[in-house]
Amino acid sequence: MNAVTNQATRTAVSVTGLRKAYGEKVVLDGVDLTIGEGEVFALLGPNGAGKTTIVRILSTLIPADAGKATVMGFNLRGEAGAVRRVIGVTGQFSAVDDLLTGEENLVLMGRLLHLRATERRARATELLERFDLVEAARQTPATYSGGMKRRLDLAMTLMGWPRLIFLDEPTTGLDPRSRQTMWQVIRELVREGVTIVLTTQYLEEADHLADRIAVLDHGRIVAEGTPEELKRRIPGAHIRLRFADSASLAEAARLMPEGTRDDEELVLRVPNERGIRSLRDVLARLGDDVAVEDLSIHTPDLDDVFFAVTGSASKEKSQ
Amino acid sequence: MSALTIAAQDSATMLWREIKHSIRLLRLLIVSAILVPVVMLLLFDYILGGTLGHGLGDVARGAPYVDYLVPGILVMTVAGGCGPTAINVSMDMTGGFVDRIRTMAVTRGALLAGHVGVSVLRMLVATAAVTGVALLLGFRPKASIADWFAVVGIVAAFSFALAWLSAAIGLVTKSVAGANGSTLPLSFLLPFLSSTFVPADSMPAGVRWFAANQPFTAVVDSLRALLTGAPVGDSAYLALAWCAAIALAGYLWSQAAFRPRSPMTRRIWSKGDPGS
Ligand SMILES: Nc1ncnc2c1ncn2[C@@H]1O[C@H](COP(=O)(O)OP(=O)(O)OP(=O)(O)O)[C@@H](O)[C@H]1O
Ligand SMILES: [Mg+2]
């Protein structure tokens, strides 16, 4: 994952001034992006931010109203056919064929990609193994779990060895274990040199996977950078202490003046910049006398990002 | 590979997919495509056939009612295939499949070609099966070999026409249930308002003209003439002309409806989201 620093990398996606509106409703309001080859790029944003719209435009599904975009060197306008030959898309909603078995789904893709019979069978077998779907290969996706369906969806996308993959919310709705599996799969693809553009609502996910993150809000990119750069802009990490009564709260607030106090909830929020050391420090300063009802460690989430870059929380804004 | 071989290959792939689908849904299809027409045949022949047969008078030329009825039932069998076709097309549009292949270098018309091809295949198989049952139940056609060829030709042409029309209906309806409902006039109403069960002249004045001149009557009359050994006259040409017109209309409608517009888009539009 050193594509960012390698200035010699070629550009996988280049977008300038992308606009899209449905009637009066502006969905994309001038988006600029540059994504290098071999990079993992995350589009982070709340519901309705325009993530899917960007993916749909870049994967030739819908035209933009204005702006210029090239994908793997091909112009979206006029060279859509060439773009389609090098990309793979796993959409936000499952696009597996529920009446075909897992294996048949892969073979179907192989046929549509015009692979030779031996080639598509070999590739299907390989992908079934890699995505842990061998046992389910002869069953229809009706019997699959959400995670298995998602893996089959991605395997179908990979049948043609795409050089650029769009993953629209690849882990939404998956349990933590399935999410881990999906992350692993994505990391393997990265090692093979595939460029990945993924969308997500989870800062944690973007942090784990992406070389670079663009934060999208109301059709505009409001922040862009490496996960570290973004997190540095987010002062969201804190330790949250809840007390049984206001006397304890007052005492704790006196001991830790840097904390923010919330008298209604009997909560004190202490900034947590140094992880475990901050925690040990807080506990030491509290001593044995102040009774703490509850202690939790809060890591920055999407809301904090939005608060930092737009000055308002994502949930409020998107509703 | 030339564009033409790729187009043929893609269509064959979609055909393969639809055949697989039909096999997976075989039991359902047997009920809707074969059992329903057979039950209609039994109901109309055994329950209503006595009175209806008497009422036919000269039209039947002395043959039992079943000989009059079966050509109509065959047309109903073909029309019964409209629902599944519209449903299958609609499912591809509302599920993610169309979006998926639109991001791949797949020939544009291949998906619909596959749907229409397998739809015709299903209709032909069902019609053959229903013909077999009719023969067991006492249907005695008087068709020559040449007549039989003409019958197969007309049934195939009518299947082709209705398949394109159903595909278009599947494309424009916004939900799978809507697709099914929208084919009911084709598979149910139009057969009854035609010479399928009784001659058009026997109907009330208001519908008589419509019944006498609509495509189902043209197709049923031509099949009936061919199968009962009556003079065919121009009825076969009229039937084929209707088939050609319906097929063309269905094809053009499908092409217009299959413009790159995604199911996602359709779903949002139909909810009347702001901006629409
Ligand atoms: N066809 C359409 N007609 C009208 N509005 C649309 C259409 N498609 C998308 N929108 C609107 O555009 C906005 C952005 O949608 P988009 O699907 O790109 O968001 P998203 O970031 O992917 O959200 P989510 O996290 O919910 O998937 C939404 O407000 C949506 O209602
Ligand atoms: Mg989305």
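**Exercise 1. Domains of chain A**

Into which domains is chain A divided, and what distance separates their centres?

Solution. In this predicted model, chain A is split into domain 1, which covers residues 11-232, and domain 2, which covers residues 238-299. Taken over C-alpha atoms, the centres of domain 1 and domain 2 of chain A are separated by 42 Å.

**Exercise 2. A helix pair between chains A and B**

Determine how helix α3 of chain A and helix α1 of chain B are arranged, and which residues meet.

Solution. Begin with the axes: those of α3(A), residues 102-112, and α1(B), residues 3-24, come within 9 Å and cross at roughly 160°. Angles over 145 degrees count as roughly antiparallel, and α3(A) and α1(B) are therefore roughly antiparallel to each other. As for handedness, α3(A) passes α1(B) in a left-handed crossing. Turning to the residues, A:E104, A:V107, A:L108, A:R111 and A:L112 in α3(A) meet a set in α1(B) that includes B:D10, B:M14, B:W16, B:R17 and B:K20. Sorted by class, this contact of α3(A) with α1(B) comprises five nonpolar, two polar and six charged residues.

**Exercise 3. An aromatic pair in chain B**

Classify the geometry of the aromatic pair formed by B:F158 and B:F216, and state where in chain B the two residues lie.

Solution. Over all chains, the count comes to seven aromatic pairs. In the pair formed by B:F158 and B:F216, the distance is 5.2 Å centre to centre and the angle between the planes is 85°. Planes over 60 degrees apart count as edge-to-face, and the pair of B:F158 and B:F216 is edge-to-face. Finally, B:F158 lies in helix α8 (residues 145-172) and B:F216 in helix α12 (residues 215-228) of chain B, so the pair ties together parts that are 58 residues apart in sequence.

Note on methods. Residues numbered from 1 in each chain as written. Chains lettered and ligands numbered in written order. Predicted model: local features only at pLDDT ≥ 70, side-chain atom pairs only at ≥ 80, totals over all residues. Heavy atoms only, no water. Domains from an automatic or database assignment. Axes fitted to C-alpha atoms, helices over the stretch in contact; angles between N-to-C directions. Helix = DSSP H or I, 4+ residues; strand = E, 2+ residues; numbered from the N terminus. Parallel < 35°, antiparallel > 145°, perpendicular 65-115°, else oblique. Left-handed = near helix turned anticlockwise from the far one by under 90°. Contact = heavy atoms within 4.5 Å. Nonpolar A, V, L, I, M, F, W, Y, C, P; charged D, E, K, R; others polar. Phe/Tyr/Trp six-rings, centres within 6.5 Å; stacked < 30°, edge-to-face > 60°.
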